[in-house]
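Please look at the protein shown here and follow its chain from one end to the other. The paragraphs below go through its parts in turn.

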Amino acid sequence: MRISTRLTMTVAASALVAAGVFTLSGATAQTASAAQSAQRAAAGTMFWAKVAANGNLLAASGVGNVNKFGQGRYNLTTDADISRCALTGTINTNGGGDPGPGSASILVGAVNGRTLFVRTATPSGPSPRSVDDDRPFSLLIAC
């Protein structure tokens with residue numbers, strides 16, 4: 001009976017150790033997976049573009065094409081879906097040149113999953129350029 005009790009206790013102790021190892025391994029795997037997900041989310045995806053007033057793409061990452069289709073109106077095509085991304089833009093210098101007097105504004109909006117609409121304006125400019133105006137701009141798209 002002593003051998004049977006000892007064997008039962010050894011098997012039970014082994015089972016507890018094994019269960020603890022599996023539990024620890026599962027917790028470690030879950031922690032590593034959560035850390036990797038958080039790291040990917042923190043890294044995110046960034047697209048950006050610097051565009052001249054005439055629609056020429058001066059520099060970019062993730063933006064492949066600019067279509068200027070009217071006074072102060074541009075469509076930009078991205079390399080990936082941006083429908084869930086934050087869009088921001090600003091008027092800037094055109095390769096180092098002064099973009100001109102007056103205040104300037106920009107509107108950035110998604111046309112579809114891979115296309116942005118940008119509208120630039122000079123609200124304080126002389127007529128008829130007081131609304132839509134060809135202005136150099138930069139975009140930042142954060143996903």
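**From the overall fold to single pairs**

The protein has one helix and eight strands as its secondary structure. This is a predicted model. Read from the N terminus, the order of the elements is α-β-β-β-β-β-β-β-β. The chain of the protein has 143 residues, and 24% of them are buried. The accessible surface of the protein is about 8,900 Å², and carbon and sulfur atoms hold 59% of that area. Among the contacts with a separation of 6 or more, 52% are between residues 24 or more positions apart. Some pairs of this kind can be followed one by one.

Start with the disulfide. The structure holds one, and it joins Cys85 to Cys143 with an S to S distance of 1.9 Å. The link of Cys85 and Cys143 is right-handed, with 100 degrees about the S-S bond. Cys85 sits in the loop between β4 (73-78) and β5 (86-91), while Cys143 belongs to the segment after β8 (137-142); the two are 58 residues apart, so the pair links distant parts of the chain. Are the two partners buried or exposed to some degree? Cys85 has a relative accessible area of 16%, which is under the 20% limit, and is therefore buried. Cys143, at 40%, is partly exposed.

Cys143 also lies 5.6 Å from Gly44, C-alpha to C-alpha, although 99 residues separate the two in sequence. Gly44 is found in the loop between α1 (2-43) and β1 (46-51). With a relative accessibility of 33%, Gly44 is partly exposed.

Next come the aromatic rings. A pair of such rings is described by the distance of the centres and the angle of the planes. The protein has two aromatic pairs. In one of them, the ring centres of Phe69 and Phe117 are 6.1 Å apart and the planes stand at 45 degrees, so the pair is tilted. Phe69 is in strand β3 (residues 63-70) and Phe117 in strand β7 (residues 115-121), so this pair ties together parts that are 48 residues apart in sequence. Phe69 is partly exposed at 43% relative accessible area, whereas Phe117 counts as buried at 19%.

Charged side chains make further links. The count of salt bridges is four. One of them is formed by Lys68 and Asp134, whose closest N and O atoms are 3.0 Å apart. Lys68 is in strand β3 and Asp134 in the loop between β7 and β8, 66 residues apart, so here too the pair links distant parts of the chain. Both partners are partly exposed, Lys68 with a relative accessible area of 28% and Asp134 with 25%.

Which residues are linked in a network of salt bridges? They are Arg73, Arg119 and Asp132. The side chains of Arg73 and Asp132 meet at 3.1 Å, N to O. Arg73 belongs to strand β4 and Asp132 to the loop between β7 and β8, with their positions 59 residues apart. Arg119 also forms a salt bridge with Asp132, with 2.5 Å between the closest N and O atoms. Since Arg119 lies in strand β7 and Asp132 in the loop between β7 and β8, this pair ties together parts that are 13 residues apart in sequence. Asp132 counts as buried at 17% relative accessibility. Arg73 is partly exposed at 27%, and Arg119 is partly exposed with a relative accessible area of 27%.

Technical notes: Residues numbered from 1 in each chain as written. Predicted model: local features only at pLDDT ≥ 70, side-chain atom pairs only at ≥ 80, totals over all residues. Heavy atoms only, no water. Helix = DSSP H or I, 4+ residues; strand = E, 2+ residues; numbered from the N terminus. Buried < 20%, exposed > 50% of the residue type's maximum accessible area, 1.4 Å probe, protein only. Contact = heavy atoms within 4.5 Å. Areas by Shrake-Rupley, 256 points an atom, 1.4 Å probe, with all protein chains shown as cover. Phe/Tyr/Trp six-rings, centres within 6.5 Å; stacked < 30°, edge-to-face > 60°. Disulfide = S-S within 2.5 Å.
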